[in-house]
Amino acid sequence: MFNNVKLGIAPIGWTNDDMPELGGELTFDQMVSEAALAGFQGTEVGGKFPTDPDKLNKALDLRGIKIASQWFSSFLCSTPYEENERMFVRQLDFLEAVGAKRINVCELTRCLFSQDCSMFGENKPVASDEEWEKLCSGLNKLGEIASKRGFKLCFHHHMATVVQTYEETKRLMDNTDPEYVYLCFDTGHFTFSKEDAVKAAREFGPRIGHVHLKDIRADKMKQAYEEGFEFRRAVVDGCFTVPGDGCVDYPGVFKALNEACYEGWFIVEAEQDPNKANPFEYALKAREYIKSCAGI
């Protein structure tokens, strides 16, 4: 089905950088070894990864895998652009040294990742028109810097942030330069936001520069809305899982991405408690499902 797509898996199924109690005992070596053993070609940078590019490259080369990308936390709505650019360039330097070509930007102004409150309803972060202008203009500038260095800036829409829904994502895409700003398309976050992931894949297809594959357990999502879960409870209670283990229409998603001639990485990214969902077991499940469903 796909001609130029590589398959990777994120370290978050092993260890969670935001919640160290999840997989705190699991090591970088175990993560990359099991990812390679499960048949994945790459991964994204995690908090336990070596910060020395030479050490990281050696560890990855031993296992025959690559770095696909890395998360970047932007605060374009709330801090001076120059502060964001300085950190962004520093991260590009590191990613360039480890051979990556994507950087995934998520706007974290007023995000609720660590807040002890529901992420739904009136609590959901919303940006003002002035903040939208700062966000979009800032992304254009960062995206141009990335482009000149051979990178794609891929914006990550995300639950509990100012860019979560289909309409918010569309507003961002409509007000940024398609030459410099791409989308990190996440099946799970669109689904958890009660959006149609297949529709989003069709709508944003030409702008999609990176793909995160996560699934959602429908019964847990229903409970999350009914009980007003905070974001971290959604992770701990098992709302997220690997492709093929939830309610996302993956045949439809893969069809839409194929029709859009998507090229790049598919990254399995399922925030789970490794004590409840063995990372290697679930990596194997995801690998087998994607092979059967997408032919990769």
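Q: Is Cys 239 buried or exposed in this model?
A: Cys 239 is buried, because its relative accessibility is 0%. The model is a predicted one.

Q: What is a disulfide, and how many are there here?
A: A disulfide is a covalent bond joining the sulfur atoms of two cysteines. In this structure the count is zero. Cys 239 takes part in none, and the nearest cysteine sulfur, in Cys 247, lies 10 Å away.

Q: Why is Cys 293 not bonded to Cys 247?
A: The two sulfurs are 14 Å apart, which is too far for a bond, although Cys 247 holds the closest cysteine sulfur to that of Cys 293. Cys 293 also counts as buried, at 18% relative accessibility.

Q: How is empty space found, and what is the volume of the largest pocket?
A: A probe the size of a water molecule is rolled over the atoms, and this shows where space is left empty. Here the largest pocket has a volume of about 600 Å³.

Q: Which residues and elements line the largest pocket?
A: The lining has 27 residues, and those nearest the centre are Ile 12, Asp 17, Asp 18, Trp 71 and Glu 269. Two elements, β4 (71-74) and α9 (231-236), each supply two or more lining residues. Of these, α9 gives the most, with three. By character, the lining divides into ten nonpolar, eleven polar and six charged residues.

Q: How many salt bridges does the structure hold, and how is one recognised?
A: There are 18 salt bridges. The cut-off is a side-chain nitrogen of Lys or Arg within 4 Å of a carboxyl oxygen of Asp or Glu. Asp 93 and Arg 149 satisfy it, at 2.7 Å from N to O.

Q: Which parts of the chain does the pair of Asp 93 and Arg 149 tie together?
A: Asp 93 is in helix α3 (residues 81-97) and Arg 149 is in the loop between α4 (129-148) and β6 (152-156), so the bridge ties parts 56 residues apart in sequence. Asp 93 is partly exposed at 41%, and Arg 149 is partly exposed at 24%.

Q: What is the separation of Lys 134 and Glu 130 along their helix?
A: They are four residues apart in helix α4, so about one helical turn separates them. Their side chains meet in a salt bridge of 4.0 Å, N to O. Lys 134 is partly exposed at 39%, whereas Glu 130 is exposed at 56%.

Q: Which residues are linked in a network of salt bridges?
A: Asp 186, Lys 214, Glu 269 and Glu 271 are linked in this way. Glu 269 is also among the residues nearest the centre of the largest pocket.

Definitions and conventions: Residues numbered from 1 in each chain as written. Predicted model: local features only at pLDDT ≥ 70, side-chain atom pairs only at ≥ 80, totals over all residues. Heavy atoms only, no water. 1 Å grid on protein atoms, 1.4 Å probe; cavity = no way out; pocket = protein on both sides within 12 Å on 5 of 7 lines; lining within 4 Å. Points joined across faces, edges and corners; volume = space filled by probe spheres on them. Nonpolar A, V, L, I, M, F, W, Y, C, P; charged D, E, K, R; others polar. Disulfide = S-S within 2.5 Å. Buried < 20%, exposed > 50% of the residue type's maximum accessible area, 1.4 Å probe, protein only.
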